[in-house]
Structure formats: structure tokens, C-alpha cells
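Here are some worked exercises to go through with the model open in your viewer. Try each task before you read its solution.

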Amino acid sequence: MFCEMWQDELMLECVTAGESHGAALVAVLSGLPAGIEITTDTLTKALEQRRRGYGRGARQKFEQDVVTILSGLRHGKTLGSPVAVEIKNTEWPRWQTVMSPDPVPRRALLRDAGRGDVREVARNQKLTKPRPGHADFAGMMKYGFTDARNVLERSSARETAARVALGAFAQAFLDQVAGIRIVSHVTSLGPVSVSLRAPVPRPEDVDYLDRDPVRCLDPHTSEQMVQAIDQAQHTGDTLGGVIQVIAYGVPVGLGSHVSRDRRLDARLAAALVSMQAVKGVEIGAAFLQASLPGSKAHDPLYRGDQPAEANTGLGMIVRPSNLAGGIEGGMSNGNPIVVSAAVKPISTVPHALPTLDVADGSPATGLHQRSDTTAVVPAAVIAQAEVALVLADALLEKTGGDSVAECSRNLWAYLDEVTQRNTFS
């Protein structure tokens, strides 16, 4: 082969299973050390944040995430064995015929699902009008399906509830071992963007962001975003935007420059692009850097008067800017990790787009099921979970250890050494 073999060296392994209207989502996370303190309530609160956000559809109001930790936890602490989580679909009784794992009589799909509503009958039929921008068409072609439901049920962003649940474990590990705290917010929604001069959220702002309808720190910009969503809803349209995740307290040296699969920026980019509707990722101020001369595009290092407040290994080294977003050469450099993602508008557009009925090739409009006006706000919460999972994997790679205590001991021994090198006493 002309290129290097891609080695899978992940310390953490994540698997999710389940369909949007199936009985439940199931998520398994293996590789976590023992001793992480976490409860079911922690997961429930994380999933609640994912359901929030102005512009969300009706489904978020009547469907609750009933989460059960099936394995890997005892009396509020991880055991070091695989963690398995189940998130039940409270709508399952209305969908168990349509989504039955076993064959059902054809006549069962020709009657309503209990409401006596013709729309209930219609949803039981084959979906043959793929939505532009969705996985419908490509999935039908790839797997030989004649029914788009076989694609959309799994490609739906409902699957991200499982990722958020696993991300809660990762965030607990990061905090308890290294004091790493992660914040997510919306920097633009449709035509409205946060000012470049606006303050950047910090960990102490999390409660405020959780309460804001569009997860924005600036009240004036938040109000404008809400108005943009109202306008889109009025015209039967959907909106995209940009989300940002910031990780504070990340120690220097996570990731590696030696091979592509160990580069921290590559791992973060892959994780975020794996999210439904995400089409682009920016590390730090990458696009601004691209327009600057080299003399102004990088973050200089200076010797400070006092050791850095956060024990990230920088010692007395000070960097007045963070254009690199905390990553240089595929490794964390001790500054906050900053990563942004572009989220396209939802492809289930009420003002449906032109398509073809793949059953006979006739012109049609894209199928439409209930959806959000925008998914940008929950996308920030999902991205936070994704970043946490990547950083947890990189931290485990650096520290090793079968327990929180061992990981912490190994980390602080390493940080004591690099901090001493950077104090210049």
C-alpha cells in the first residue's frame, strides 16, 4: 500500500444501536477505568439538555428519554467493565407494527395506528420520495431498499441521544481525573452571528447557557436568533448555523504528531463530522489564519511572571492568543481546545423540495415528517459529548490506568515534570 495502514488504537470503544422509532436506543462504551463517579440522574440531565432549544419540534415535548444503565456501574461508580445504556422510546406502542423486527401481515400496515387519522395510515406505507440533503436517496441506492424508512430510521439524529449518554461518562472522567471542563454554545444561527468581540463562555457560564433558548451568552444576539427561527417557521423553512465547543484545562501533550490516526485535531474533526447535518469543522480560528500572513497567524510564547493558573503543564509560559485552538501538530498545547462545526439546515423542509418518486420516476416533492425548524441548539450539546469522548480517549492514551486514582496519579506525575521544565527557576 502506498499509504500507512490505519491502526485502530482507541482506548475507548463506542457502539450505538437502535432506530428513531424503534423500541429503544442502546449504547455501549468499553475501556472506561473504574471509579468514575456518576449516576443515572447525570445522564438524564444531559439528555434533557439535548431535547431543549428554541425551534425544536413537537416530538421533544411528548417523548421523554427514559434512561437505564444496564451494566458497568455499581453504587454510583464505574467498575471498569463495559458500560451499557438503554434509552427507551416512549412512542414505541404506536410504532411497534410499522417497526416490528418480525414480519407482519400486509393488512396490518393498511389500518391506522390507533388515532383514526388518515395520516397515521399514510405513515405505514412505503416512503419512496427521498428528501434532498438527507441520507434517503444514497442509502436506498447503496442497500437496495425500495422504502426510505429503512434508511431514515437509523440516519435520524435521534441516534445522537445515545452519544450524549455516553458523553456524560466521558465528561465525568475528564473532570475527575484532570479537572477538564467543557462548554458548548451557538455562535451563529441562520443569518444571525455572535459578535467577534463578544465574551467567550467559560465553565461558570454553563448554567446560563443551559437556560438560554438558543444557547447563546449574549442576550441581544439570543433574541435575534429567536426571531430568525420564528421567521423561518412562519415561511415553512429550516435554519442551520455554527456551534462551538471549548474545553478548559486540557493538559499539554494529548494526541500525537507521529501518525494520522493519533492526531488530536483529526480525531476531533472526524467525531464532529460524524454528527448528522454537520458539514464542516474548524479548529481554533483556522479560516482566519488562512487569510493572515505567517507573521500574524500563530500564537507566540512568552515567559510570564507567575506560573499559569491552570495546571496544564505550561508553567510560566504565556500565550496571549489562541488562534490554533489549543492544538499544534496534532497535539494539545496547554491552551483551551476550541473547535467549531457548521450545521446545515434540516433537510426535512415543510416547504418541500423537488425530488423524484423512485418507485416510478415521476416528479414529486420530498417526503415530510414532523421535524424541527432548527437543530443547531441541540447540536451544540451533542458536539460537547463528542468532544468529551475524543478527549477522554486521548487522556486515557496518555495516562493509562485501570482506575481513576491510577490515571490521576500518572497524569500529575507527568504534569509535575513538564511544569518544572517550564518554570525556569
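**Exercise 1: a charged network**

R262, R267, D393 and E397 are linked in a network of salt bridges (a salt bridge being a side-chain nitrogen of Lys or Arg within 4 Å of a carboxyl oxygen of Asp or Glu). Before you dig in: this is a predicted model, where local features need pLDDT of at least 70 and side-chain atom pairs count only at pLDDT 80 or more, while totals for chains, interfaces and linings use all residues. Residues are numbered from 1 along each chain as its sequence is written, and side-chain values use heavy atoms, with hydrogens and water left out.

Task: find out which parts the pair E397 and R267 ties together.

Step 1. Check the distance: the closest N and O atoms of E397 and R267 are 3.4 Å apart.

Step 2. Place the residues. E397 sits in helix α12 and R267 in helix α10, so this salt bridge ties together parts that are 130 residues apart in sequence. (Helices, H or I with at least four residues, and strands, E with at least two, are DSSP runs numbered from the N terminus.)

Step 3. Look at the cover. E397 is partly exposed, at 22% relative accessible area, while R267 counts as buried at 11%. The cut-offs: buried is under 20% relative accessible area, exposed is over 50%, and partly exposed is in between (1.4 Å probe, protein chains only).

**Exercise 2: other salt bridges**

Task: work out how far apart E153 and R149 are in helix α6, then look at the pair R319 and E328.

Step 1. Start with the total: the structure holds 17 salt bridges.

Step 2. For E153 and R149, the closest N and O atoms are 2.7 Å apart. The two are four residues apart in helix α6 (residues 149–155), so about one helical turn separates them. Both E153 and R149 are buried.

Step 3. R319 and E328 meet through their side chains at 2.9 Å, N to O. Here R319 counts as buried, with 13% relative accessibility, and E328 as partly exposed, with 31%.

**Exercise 3: the open sheet**

Task: write down the strand order of the five-stranded sheet, then say which strands stand at its edges.

Step 1. The order is β8-β7-β9-β15-β10, an open sheet with antiparallel pairing. (Two strands pair if DSSP finds at least two bridges between them.)

Step 2. The edges are β8 (192–193) and β10 (278–283); each has a single partner strand, so one side of each is left without a neighbour in the sheet.

Step 3. Now follow β15 (residues 337–343), which is joined to β10 by five bridges, the two running antiparallel. A341 of β15 is the bridge partner of V281, and S340 of β15 stands opposite E282.

Step 4. Turn to the pairing of β15 with β9, also antiparallel, over seven bridges. There, A342 of β15 is the bridge partner of V242.

Step 5. Check the cover of β15: six of its seven residues are buried.

**Exercise 4: helices across the sheet**

Task: which strands do helices α10 and α12 lie across?

Step 1. α10 (residues 264–273) lies across β10 and β15, at about 155° to β10. The axes are lines fitted to C-alpha atoms, for helices over the stretch in contact, and angles run from 0 to 180 degrees between N-to-C directions.

Step 2. α12 (residues 376–399) lies across β7 (181–189), β9 (241–248) and β15, at about 145° to β7.

**Exercise 5: loops**

Task: locate H75, A277 and S347, and decide whether each is buried, partly exposed or exposed.

Step 1. H75 lies in the loop between β4 (73–74) and β5 (77–78). Its phi is near 55°, a positive value in a residue other than glycine, and at 72% relative accessibility H75 counts as exposed.

Step 2. A277 lies in the loop between α10 and β10. Phi is positive in A277 too, near 80°, and its 26% relative accessibility makes A277 partly exposed.

Step 3. S347 is in the loop between β15 and β16 (354–357) and counts as buried, at 14%. Leaving aside residues up to four places away in sequence, S347 touches R131, P132, G133 and H134 (contact means heavy atoms within 4.5 Å).
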